[in-house]
Amino acid sequence: DLKGKTGDLKFSLHLVGDRDPLNNKIISPAGKEELAEDKLYACVEKYYPQKSWEYLGCRLGDRDRLWLDECFSKQDIKKEQIKNCLESNESDQLLDSKVKLSKEFLTVKK
């Protein structure tokens, strides 16, 4: 019941994924493309949390391309900063935290 409650709502996007038991790499149900997209979003959310939903809305407007310079420039997101994040282990660490909830569900299910 939210009657009488005030304040801002905070939304958090959780992604679906797990670690491959053979090589310990993060895997995603829809494959490499979704994994790349998830890492991209995780980097944007870390460095531009106040702009991440706007970026995601723009991104969903053209899902066929991974790099959408227009979405970065519209939100004043520095492309090089995001690219550096993606090319480092940082993106794996960020993604690992974003898939934590789905891993917990898988653990409970087993």
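The axes of helix 1 and helix 4 come within 9 Å and cross at roughly 125°, where axes are lines fitted to C-alpha atoms, for helices over the stretch in contact, and angles run from 0 to 180 degrees between N-to-C directions. Helix 1 and helix 4 are therefore oblique to each other; angles under 35 degrees count as roughly parallel, over 145 as roughly antiparallel, 65 to 115 as roughly perpendicular and the rest as oblique. On the helix 1 side the contact is made by Lys 39, Leu 40, Cys 43, Val 44 and Tyr 47, and on the helix 4 side by Gln 81, Ile 82, Cys 85 and Leu 86. Contact means heavy atoms within 4.5 Å.

This is a predicted model, in which local features need pLDDT of at least 70 and side-chain atom pairs count only at pLDDT 80 or more, whereas totals for chains, interfaces and linings use all residues. Residues are numbered from 1 along each chain as its sequence is written, and side-chain values use heavy atoms, with hydrogens and water left out.

Helix 1 also meets helix 5: their axes come within 9 Å and cross at roughly 95°. That angle makes helix 1 roughly perpendicular to helix 5. Leu 35, Asp 38, Lys 39, Ala 42, Cys 43, Glu 45, Lys 46 and Tyr 47 of helix 1 touch Glu 90, Ser 91, Asp 92, Leu 94, Leu 95 and Lys 98 of helix 5.

The table sets out the residue classes of the two contacts.

| Contact | Nonpolar | Polar | Charged |
|---|---|---|---|
| Helix 1 with helix 4 | seven residues | one residue | one residue |
| Helix 1 with helix 5 | six residues | one residue | seven residues |

Here Ala, Val, Leu, Ile, Met, Phe, Trp, Tyr, Cys and Pro count as nonpolar, Asp, Glu, Lys and Arg as charged, and the others, Gly among them, as polar.

Helix 1 itself covers residues 32-47, and its end C-alpha atoms are 23 Å apart, which agrees with the 22 Å that its 16 residues should span at 1.5 Å a residue; the expected span is 1.5 Å times one less than the number of residues. Its buried residues are Leu 35, Glu 37, Asp 38, Lys 39, Leu 40, Tyr 41, Ala 42, Cys 43 and Val 44. Buried means under 20% relative accessible area (1.4 Å probe, protein chains only). These buried residues pack against strand 2 (26-27), helix 2 (52-60), helix 3 (69-74), helix 4 (79-86) and helix 5 (90-98).

The chain contains six helices and two strands; helices (H or I, at least four residues) and strands (E, at least two) are DSSP runs, numbered from the N terminus. Of its 110 residues, 31% count as buried.

Terms used. Buried means under 20% relative accessible area, exposed over 50%, partly exposed in between (1.4 Å probe, protein chains only).
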